[in-house]
Amino acid sequence: MKKTTSLLALLALTAPVLAQTDAGKRLITIEGAPRGDVRNGPLNFTGNPVKAKVSTLNIEASQAVLAAPKGTALIEAKGKRTADFTGNVKVVRGRLTATGNALAYSEATGQGVLNGSASATFTPDKTDGDTVNIKAAQMSLDVDNDRSTSTGGVSLSNGAQSGKADKLVFDEQRELALLTGSPSLTRAAKANQKELIITGQEVRALTKTKTLYVRGGVKLVQGTTTTTGDAVYYDDRKNVAYVVGNAVSVDSKSKVTVKAPASGYLEQRTDLARVRALNAAYKIPTDQFKLTGEK
């Protein structure tokens, strides 16, 4: 009788800790029978795998530890708890799947930080699209919006396009990648079209439409042609780049230099290895490249 009563008491204390309420979408739910101090924590979960859910994130791992701030009971710490996942960590949100060695989640910040060979794939919504692949030293997943931030030796690949940067913000809703910190984007060579490398202070890439907006000390290098300017809009599917702001193109082999007029821009056909100056204003559609909620 005493054993049964003890078990009922354990369930009564555990249920409020694990059940997600309407208190906020940052609260985490971990499945399974935990071991540890039910009242004060931490609680240790093991499984094959351990499964957890917070908002739209579904988490799997070999082990998990749920803890409260020091001096606070678990049942009183909702919204302040932390959950640490280790071993074969996988996080799924819609078309995004991220993996790593460990994930540290905080209810207070709504951030899940993935460490240890962090990588993610974002699958296209149509069968003819390209999968986006991201690798970094660290990846932070935000439960307040469909966004991830990767830092440390970041690499991105999307079909024939590949990028490198110190930091990458990926907006899953817009299918938009924002690369900063010495960013570069490479378009692989195909047929008679030579490899194209674009660099600048900031690279924004719409992965679905294969369009780019790069600003700040922009440089395009393709074969013997180097084009510079303040900003560029590049349409990969149409094989054309529009360079604006002090735009100049130099061919080191032919010694030909093409300069855009003060009121114009340069049009570079990457499939034809041709650059021409146009005496007309060109406005880059920058609004297309804003993150969700960005003004």
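Tutor: Start with a rule. Two strands count as paired if DSSP finds at least two bridges between them. Keep in mind that this is a predicted model.

Student: What is the bridge partner of glutamine 111 in E8?

Tutor: The partner is aspartate 142. Glutamine 111 also stands opposite serine 106, and glutamine 111 itself belongs to E7.

Student: How do you know that E7 and E8 pair?

Tutor: Count the bridges. E7 and strand E8 (residues 132-142) are joined over 10 bridges, in the antiparallel sense. The rule asks for at least two, so E7 and E8 pair.

Student: What joins strand E6 to strand E7?

Tutor: 9 bridges do, between residues 96-106 of E6 and residues 111-122 of E7. These two strands run antiparallel. The cut-off is at least two bridges, so E6 and E7 pair as well.

Student: How many residues lie between E6 and E7 in the hairpin?

Tutor: 4 residues lie between them. In that turn, glycine 110 has a positive phi of about 75°.

Student: On to the rings. Why is the pair of phenylalanine 122 and phenylalanine 170 given the class it has?

Tutor: There are 7 aromatic pairs in the whole structure. In this one, the ring centres are 5.2 Å apart and the planes meet at 65°. Centres within 6.5 Å make a pair, and planes over 60 degrees apart make it edge-to-face. Phenylalanine 122 and phenylalanine 170 are therefore an edge-to-face pair.

Student: Which parts does that pair tie together?

Tutor: Phenylalanine 122 sits in strand E7 and phenylalanine 170 in strand E10 (residues 161-171), so the tie joins parts 48 residues apart in sequence.

Student: Are these two rings buried or exposed?

Tutor: Buried means under 20% relative accessible area. Phenylalanine 122 has 4%, so phenylalanine 122 counts as buried. Phenylalanine 170 has 0%, so phenylalanine 170 is buried too.

Student: What makes the pair of tyrosine 213 and phenylalanine 289 stacked, tilted or edge-to-face?

Tutor: The angle decides. Stacked needs under 30 degrees and edge-to-face needs over 60, with the rest tilted. For tyrosine 213 and phenylalanine 289 the planes are at 50° and the centres 5.8 Å apart, so the pair is tilted. Tyrosine 213 lies in strand E15 (residues 211-222) and phenylalanine 289 in the segment after E21, 76 residues apart. Both tyrosine 213 and phenylalanine 289 are buried.

Student: Which residues do ring pairs link into a cluster?

Tutor: The cluster holds Tyr213, Tyr233, Tyr242, Tyr265, Tyr282 and Phe289.

Student: Now the pockets. What lines the largest pocket, by class?

Tutor: Its volume is about 230 Å³. Of its 15 lining residues, those closest to the centre are Pro124, Gly129, Asp130, Lys208 and Arg237. The lining divides into 3 nonpolar, 3 polar and 9 charged residues. Asp, Lys and Arg count as charged, so Asp130, Lys208 and Arg237 fall in that class.

Student: How is the lining of the second largest pocket divided?

Tutor: That pocket holds about 170 Å³. Closest to its centre, of 15 lining residues, are Lys194, Gln222, Gly223, Thr225 and Ala273. Strands E20 (265-269) and E21 (274-278) each give two or more residues to the lining. The classes are 2 nonpolar, 8 polar and 5 charged.

Student: Last one. How do you know how spread out the protein is?

Tutor: Set its radius of gyration against the globule rule. The rule gives 19 Å for 295 residues, while the protein has 25 Å, so it is more spread out than a compact globule. Its C-alpha trace spans about 95 × 35 × 30 Å along the principal axes.

Note on methods:
Residues numbered from 1 in each chain as written. Predicted model: local features only at pLDDT ≥ 70, side-chain atom pairs only at ≥ 80, totals over all residues. Heavy atoms only, no water. 1 Å grid on protein atoms, 1.4 Å probe; cavity = no way out; pocket = protein on both sides within 12 Å on 5 of 7 lines; lining within 4 Å. Points joined across faces, edges and corners; volume = space filled by probe spheres on them. Phe/Tyr/Trp six-rings, centres within 6.5 Å; stacked < 30°, edge-to-face > 60°. Buried < 20%, exposed > 50% of the residue type's maximum accessible area, 1.4 Å probe, protein only. Rg over C-alpha atoms; globule rule 2.2 N^0.38 Å.
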